[in-house]
Amino acid sequence: MADLRQADLSKGFSWPVRVYWEDTDAGGVVYYANYLRFMERARSEWLRALGFEQDVLRDTQGMVFVVRRVEVDYLAPARFNDALAVSVELKRIGGASLTVEQTVARGVTPLVTARVTLACVDAALFKPVKIPASILSVLEPVT
């Protein structure tokens, strides 16, 4: 099954998001910080699609992924009821980090792009640790 997941995700991953009133600001557009929430959800679903539940990683491997750095470009606004797709594409694997590129798009129109660096840290101490081999064995064929 791991090979099937890798083949499916080798071209990236996309997660659908619908814009609700709670996502918008007084101007009727998505509040800028909510795009980060959309991207977080997509990354969580990406990990799940690869076979990794984050609470299980914490409980069994003693590690979690945390956001270390985000670089975001806001290109165009999303509005109430827009159907969006949030993509995740793995770009780099480090000893204790992952870098992904994410896009929030409406149809074929990119609205927001981001480069996100995730650090693998000890769940109790929040100090960097190596990414477990069990995760690397699934991620490396995806890049």
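Helices and strands here are runs assigned by DSSP, with at least four residues for a helix and at least two for a strand, numbered from the N terminus. On that basis the protein chain of this predicted model has 4 helices and 5 strands, and, read along the sequence, these follow the pattern α-β-α-α-β-β-β-β-α.

**The whole chain**

Begin with the protein chain selected in full and shown as a C-alpha trace, which spans about 45 × 35 × 20 Å along its principal axes. Its radius of gyration is 16 Å, which agrees with the value near 15 Å that a compact globule of 143 residues would have. If you colour the residues by burial, 39% of the 143 count as buried, while a surface display would show an accessible area of about 8,000 Å², of which 53% belongs to carbon and sulfur atoms. Colouring by charge brings up 17 positive and 17 negative side chains, and the centres of these two sets lie 4 Å apart. Among contacts with a separation of 6 or more, 67% are between residues 24 or more positions apart.

**Helix H2**

Next select residues 32-49, which form helix H2; its 18 residues reach 27 Å from the first C-alpha to the last, close to the 26 Å expected at 1.5 Å a residue. Show the side chains of its buried residues, which include Tyr 35, Phe 38, Met 39, Ala 42, Trp 46 and Leu 47, and also Arg 43 and Glu 45. Just after H2, move to Gly 51, where phi is positive at about 105 degrees.

**Arg 43**

Stay with helix H2 and centre the view on Arg 43. Is Arg 43 buried or exposed? Its relative accessible area is 7%, and because buried means under 20%, Arg 43 counts as buried. Leaving aside residues up to four places away in sequence, Arg 43 touches Val 67, Val 88, Val 100, Gln 102, Val 116 and Leu 118.

**Val 86**

Now select residues 83-93, strand E3, and pick out Val 86 within that strand. Val 86 is buried, with a relative accessible area of 0%. Which residues does Val 86 touch, not counting those up to four places away in sequence? Among them are Phe 13, Ser 14, Trp 15 and Val 17, then Phe 38, Met 39 and Ala 42, and further along the chain Gln 102, Thr 103 and Val 104. Of these, Phe 38, Met 39 and Ala 42 are also listed among the buried residues of H2. To finish, draw a distance from Val 86 to Thr 103: the two are 17 residues apart in sequence and 5.6 Å apart in space, C-alpha to C-alpha.

Terms used
Residues numbered from 1 in each chain as written. Predicted model: local features only at pLDDT ≥ 70, side-chain atom pairs only at ≥ 80, totals over all residues. Heavy atoms only, no water. Expected span 1.5 Å × (residues − 1). Buried < 20%, exposed > 50% of the residue type's maximum accessible area, 1.4 Å probe, protein only. Rg over C-alpha atoms; globule rule 2.2 N^0.38 Å. Contact = heavy atoms within 4.5 Å. Areas by Shrake-Rupley, 256 points an atom, 1.4 Å probe, with all protein chains shown as cover. Lys, Arg positive; Asp, Glu negative; His and termini not counted. Charge placed at Lys NZ, Arg CZ, Asp CG, Glu CD.
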